[in-house]
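Reader: Could you walk me through this protein, one question at a time?

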Amino acid sequence: MTGKANVYPWFKKEDTDAFFALFQNNLANFVIIAVTMLGLGFPTSLVFGQVIPGAAVAVIFGNLYYAYMANRLAKKENRTDVTAMSYGISTPVMFVFLFGVLVPAHSLTGDPVLAWQIALAAAFLSGLIELLASLSGNWIQRNLPRAAMLGALAGVALTFIAGEMIFHTFEMPIVGLFVLAVILVGIVGKITLPFRIPTSLFAIVIGTALAFSIGYVEFGAIREGLSHIGFYPLLPSFAVFEGLQYLFGGMIALLAVILPITIYNAVETMNNVEAMSAEGDNYDVRECQAVDGVGTMLGAAFGGMFPTTIYLASVGAKSMGAGRGYSLLNAGVFAFAAMTGVIAALSEMIPIAVIAPILVYVGVMMVSSAFDKNEKKYYPAVALAMLPYFANYLMTNFSNDAPQVVSDVSTGIVPLGEGAMFTAILLGAITVFIIDHAFHKAAIFSCIAAFLSYFGFMHAPELAFGAATEFAIGYVFIGFFFIAIHLKEPKHVTKQEPTADIQPNDRFSFPHSNEEKAF
């Protein structure tokens with residue numbers, strides 16, 4: 001005799017709180033994207049007519065699919081307490097794409113539309129890599145030292161995120177300092193704010209009100225924001241394919257940014273799926289990674305250029321007793337907000353000095369996490385991996401307008417900045433292997449660096465045979481040096497693998513509280 005089948009509800013009251021938590025997470029990301037891009041000089045027609053609707057497509061797709069997965073799991077296990085996975089734009093990855101892909105592309109091309117197309121291609125490729133990673137396993141994760149990966153990303157965080165945004169914070173000192181204080185008190189100090197409002201939301205609301213009240217922003221901005229209310233259809237775009245030819249041409253160095261951050265995104269999804277498994281909802285991690293990859297590719301095909309992921313907030317939604325309704329509602333509300341211009345209106349009203357302190361905090365936390373997630377002995381590798389992005393920052397911001405100033409500081413700035421992510425990862429990895437006395441691996445990575453230098457993937461402005469010959473020779477030279485040490489090293493010396501004491505599921509992930517994921 002079979003038991004009675006339970007009915008899994010479309011919506012229940014517990015979904016309401018979970019919806020507002022997830023909606024606030026996604027809304028904050030959308031507003032940050034819009035405000036940041038407008039502040040960088042991208043036209044409103046591009047931001048509100050292409051980027052926001054395209055990113056919304058990815059969010060809509062993922063939320064609907066995860067609601068479907070929840071329903072399928074509920075039927076399979078005859079349960080009514082299954083919670084759908086929380087899904088949206090990956091916050092750390094969003095910042096890396098803004099400042100590690102879009103900003104360099106814009107600085108080097110001088111064309112906002114072309115920079116957007118290149119970023120679209122980068123997002124599409126990132127989604128494809130994650131889709132393939134769901135099928136092919138995590139070979140790169142197992143073989144590339146974590147200190148090198150996170151150190152390289154920390155270099156982006158310190159320069160293009162925290163560094164760049166601290167400048168914007170002080171453009172409106174009263175507002176910027178207050179918002180920064182709110183972020184530090186609410187998240188770093190862990191102080192509960194009035195009415196238990198999430199820290200990011202409180203900072204944005206109060207900071208914006210303060211900016212208007214003391215005259216930093218004219219009230220005409222409200223009228224300007226409301227003028228963006230209208231109809232923004234969700235239409236596919238072929239711009240991603242136009243961007244691919246540039247991505248695999250003059251902007252090939254951006255591939256060095258895409259690969260590590262995509263691996264981070266895939267591992268973050270894996271970690272969050274396993275966190276939900278510990279709560280009793282067992283989803284297939286490979287399917288979730290594939291969904292994230294497809295969602296990212298779909299968003300790019302509609303004009304959005306930001307990879308998506310499962311949020312750690314899924315566990316919070318589970319603790320609230322949510323089902324699939326909050327995910328369905330989030331998809332519907334974002335479709336409405338993106339297509340009617342609500343997000344555009346909010347973005348026009350919120351000054352970048354209000355958003356900037358949030359980005360400063362995120363950048364600082366990414367740097368802090370890069371050290372926190374590694375043993376102390378690997379700190380030199382993390383620090384060294386961060387340095388190429390100082391050169392990249394100087395190069396992308398000053399080399400076009402003031403090349404003489406840059407060269408007067410040092411002729412090594414531009415070649416170090418070219419292909420900074422490749423250089424950062426390889427220098428960091430070589431340092432890890434030296435620390436572990438794995439000199440044969442240090443030699444192998446030196447040869448990889450020589451190969452990439454010779455063909456122009458790093459230390460050169462474009463791909464070519466013999467593009468950076470001196471650098472290639474230098475890497476070959478140190479490769480022979482490492483081989484000599486390896487052959488001479490006493491056999492009794494204990495070799496230490498760089499990640500031997502690290503659990504596989506703990507690699508490359510930045511620690512997130514539910515509050516941090518609100519960004």
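Author: Gladly! One term to start with: two residues are in contact when they have heavy atoms within 4.5 Å. This is a predicted model, in which local features need pLDDT of at least 70, side-chain atom pairs count only at pLDDT 80 or more, and totals for chains, interfaces and linings use all residues. Residues are numbered from 1 along each chain as its sequence is written, and side-chain values use heavy atoms, with hydrogens and water left out.

Reader: What is the mean pLDDT of the protein?
Author: pLDDT is the predictor's confidence in each residue, from 0 to 100. In this protein 90% of the residues reach 70 or more, and the mean pLDDT is 84.

Reader: And over which residues is the pLDDT below 50?
Author: The stretch in question still has 81 contacts in the model beyond near neighbours in sequence. Its pLDDT is nevertheless below 50, and it covers residues 497–519.

Reader: How many helices and strands does the secondary structure come to?
Author: Both are DSSP runs numbered from the N terminus: helices are H or I with at least four residues, strands are E with at least two. Counted that way, the protein has 23 helices and 2 strands.

Reader: How many of the residues of H6 are buried?
Author: Buried means under 20% relative accessible area, exposed means over 50%, and partly exposed is in between (1.4 Å probe, protein chains only). In the whole protein of 519 residues, 57% are buried. H6 is mostly covered, and of its 24 residues the buried ones number 21.

Reader: Where does helix H6 bend?
Author: The bend at a residue is the angle between axes fitted to the seven residues ending there and the seven starting there. H6 runs over residues 146–169 and bends by about 35°, and the place is Ala157.

Reader: At roughly what angle do the axes of H3 and H6 cross?
Author: Two packed helices are described by the angle between their axes and the distance between the axes. Axes are lines fitted to C-alpha atoms, for helices over the stretch in contact, and angles run from 0 to 180 degrees between N-to-C directions. The axes of H3 (residues 91–109) and H6 come within 10 Å, and they cross at roughly 95°.

Reader: Is H3 roughly parallel or roughly perpendicular to H6, and which residues of H6 make the contact?
Author: Angles under 35 degrees count as roughly parallel, over 145 as roughly antiparallel, 65 to 115 as roughly perpendicular and the rest as oblique. The crossing therefore makes H3 roughly perpendicular to H6. H3 brings Phe95, Val96, Phe99, Gly100 and Val103 to the contact, while H6 brings Val156, Phe160, Ile161 and Met165.

Reader: How many residues of that contact of H3 with H6 are nonpolar?
Author: Ala, Val, Leu, Ile, Met, Phe, Trp, Tyr, Cys and Pro count as nonpolar, Asp, Glu, Lys and Arg as charged, and the others, Gly among them, as polar. The contact has no charged residues and 1 polar one, and its nonpolar residues number 8.

Reader: Which residues is Ile355 in contact with, leaving aside neighbours within four places?
Author: Ile355 is found in helix H16 (residues 352–372). It counts as buried because its relative accessibility is 0%. Its C-alpha atom is separated by 9.8 Å from that of Ile33, 322 residues away along the chain. The contacts of Ile355 are with Val31, Ile32, Val35, Ile204 and Ile350.

Reader: Is Lys190 buried or exposed?
Author: Lys190 sits in the loop between H7 (173–188) and H8 (199–213). It has a positive phi of about 55° although it is not a glycine. Its relative accessible area is 67%, so Lys190 is exposed.

Reader: And is His459 buried or exposed?
Author: His459 belongs to the loop between H22 (439–454) and H23 (469–488). Its phi is positive too, about 65°, although it is not a glycine. With a relative accessible area of 7%, His459 is buried.

Reader: How far apart in space are Glu348 and Arg223, C-alpha to C-alpha?
Author: Glu348 lies in helix H15 (residues 342–349) and is partly exposed, with a relative accessible area of 24%. Leaving aside neighbours within four places in sequence, its contacts include Leu38, Phe48 and His228. Glu348 and Arg223 are 125 residues apart in sequence, and in space their C-alpha separation is 9.4 Å.
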